[in-house]
Amino acid sequence: MPELPEVESVRRTLEPHLLDRWIRGVWVYRPEVINGIPLAYDLLNQGRIKRLLRKGKQLAIETYDRRAICVHLGMSGQLYWQQGLGHTPTASAGPRPDHVHVQWRIEPDEAETDAGTGTASGLLIFRDPRRFGEVATFRDARVLLEQRWSELGPDALEIEPAELTRATRTTRRAIKAVLLDQRVLAGVGNIYADESLFLAGIRPSRVARTLKATQVEALCTAIRQVLGRAIAAGGSTLRDFKNADEQPGRYAQHHQVYGRGGEACVRCGGVLTVKTLGQRTTVWCKVCQR
Ligand SMILES: [Zn+2]
């Protein structure tokens with residue numbers, strides 16, 4: 001499942017294709033994936049793209065007239081760019097591309113020089129084989145920011161020790177469960193929870209309220225560091241993650257614990273433990289994490 005670094009990689013690779021360009025057509029192949037009204041207008045048709053936003057694992061596109069769509073990639077969703085308009089389908093004709101649910105036609109502004117090259121025109125495609133993803137529509141971006149996104153905790157890239165302390169000091173939950181709670185901090189999933197806890201030297205099953213202030217601080221630093229490095233490497237590709245230019249991420253090669261149960265700890269050489277914790281496969285080192 002794409003976590004913060006993967007979604008941020010999609011956002012960054014989409015930006016050069018979309019910013020300040022116009023949406024000149026929308027095709028909806030599967031209206032069920034749309035939360036809201038599946039009308040072309042609500043899907044930003046004829047809008048000019050102002051910015052691409054992200055909070056946690058959610059991505060949003062806002063137009064200058066303040067409409068917005070929010071895209072949640074779910075388990076296997078992909079939002080990507082296809083250069084050129086050579087194969088633009090119409091809603092009524094042509095075969096439906098595999099697992100493609102929504103497609104937007106993007107064209108340059110008249111002032112932009114796209115003369116004959118077609119480099120600025122293309123399709124923005126939402127594809128989702130397993131259909132856990134979602135496109136939500138907002139007639140006013142403020143509703144997205146002030147309602148839907150306000151239910152999320154602070155973005156994990158910007159988490160401060162004070163915020164994490166508030167969430168940990170009274171709970172009996174395991175620290176890993178706290179990290180996965182999107183209301184506490186937004187963006188961390190199974191991969192980056194395990195990686196951050198390893199870097200901070202904290203056992204995933206540790207009861208959150210027993211952490212010392214210095215450990216909470218170390219954990220915040222570790223979360224930001226792990227996410228920052230993962231973004232720099234374009235995210236982690238386990239099976240099928242690809243950015244908007246259809247390139248896989250390179251961070252999986254740097255995972256210290258995730259997916260390495262039974263292998264040697266990179267720090268002490270001991271065998272990494274793998275167990276199910278709160279229904280999630282969890283890997284840690286019994287020696288290095290306390
Ligand atoms: Zn170790």
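Visitor: Taking buried to mean under 20% relative accessible area, exposed over 50% and partly exposed in between (1.4 Å probe, protein chains only), is Ser9 buried or exposed?
Guide: Ser9 is buried, because its relative accessible area is 6%. Please note that this is a predicted model, in which local features need pLDDT of at least 70 and side-chain atom pairs count only at pLDDT 80 or more, while totals for chains, interfaces and linings use all residues. Residues are numbered from 1 along each chain as its sequence is written, and side-chain values use heavy atoms, with hydrogens and water left out.

Visitor: Understood. Which element holds Ser9?
Guide: Ser9 belongs to helix α1. Helices (H or I, at least four residues) and strands (E, at least two) are DSSP runs, numbered from the N terminus.

Visitor: And what does Ser9 touch?
Guide: Taking contact as heavy atoms within 4.5 Å, and leaving aside residues up to four places away in sequence, Ser9 touches Ile231, Gly234, Gly235, Phe241 and Asn243.

Visitor: What about Glu8: buried or exposed?
Guide: Glu8 is buried, since its relative accessible area is 5%. This residue is also in helix α1. Beyond residues up to four places away in sequence, Glu8 touches Arg54 and Ile231.

Visitor: How many ångströms separate the C-alpha atoms of Glu8 and Ile23?
Guide: Those C-alpha atoms are separated by 22 Å, with the two residues 15 apart along the chain.

Visitor: Where does Leu4 sit?
Guide: Leu4 is in α1, which covers residues 4-18. Leu4 counts as buried because its relative accessibility is 0%.

Visitor: What surrounds Leu4, then?
Guide: Not counting residues up to four places away in sequence, the contacts of Leu4 are Arg54, Gly56, Lys57, Asp155, Ala156, Leu157, Ala186, Gly187, Leu227 and Ile231. Leu197 lies 193 residues from Leu4 along the chain, and their C-alpha atoms are separated by 16 Å.

Visitor: Leu197 caught my eye. Which residues of α5 are buried?
Guide: The buried residues of α5 are Asn190, Ile191, Tyr192, Ala193, Asp194, Glu195, Ser196, Leu197, Phe198 and Ala200. The helix spans residues 190-200 and is mostly covered, with 10 of its 11 residues buried.

Visitor: What do those buried residues pack against?
Guide: The buried residues of α5 pack against α1, α4 (175-180), α6 (213-232) and β11 (280-284).

Visitor: And what follows α5?
Guide: Gly201 follows α5, and its phi is positive, near 70°.

Visitor: Back to Phe198: which residue lies over the face of its ring?
Guide: Arg267 does, at 4.4 Å from the ring centre of Phe198. A charge sits over a ring if NZ of Lys or CZ of Arg is within 6 Å of the ring centre and within 35 degrees of the ring normal. Likewise, Arg67 lies over the face of Tyr41, at 4.3 Å from the ring centre.

Visitor: Now α6. Why does Ala218 count as partly exposed?
Guide: Ala218 counts as partly exposed because its relative accessibility is 31%. The residue is found in α6. Ala60 is 158 residues from Ala218 along the chain, and 31 Å separates their C-alpha atoms.

Visitor: Let me turn to the loops. Which residue lies between β6 and β7 with a known backbone setting?
Guide: His99 lies in that loop, between β6 (78-83) and β7 (100-107). Although not a glycine, His99 has a positive phi of about 60°. Most residues other than glycine have a negative phi. His99 counts as partly exposed, because its relative accessibility is 33%.

Visitor: What is the phi of Glu246?
Guide: Glu246 has a positive phi of about 65° although it is not a glycine. Glu246 is found in the loop between α6 and β10 (273-277). At 38% relative accessibility, Glu246 is therefore partly exposed.

Visitor: Last one: where is Ile37?
Guide: Ile37 is in the loop between β2 (34-35) and β3 (49-55). Its relative accessible area is 40%, so Ile37 is partly exposed.

Visitor: Which residues does Ile37 touch?
Guide: Apart from residues up to four places away in sequence, Ile37 touches Asp42, Thr137 and Arg139. Ile37 and Ala136 are 99 residues apart in sequence, and 8.4 Å apart in space from C-alpha to C-alpha.
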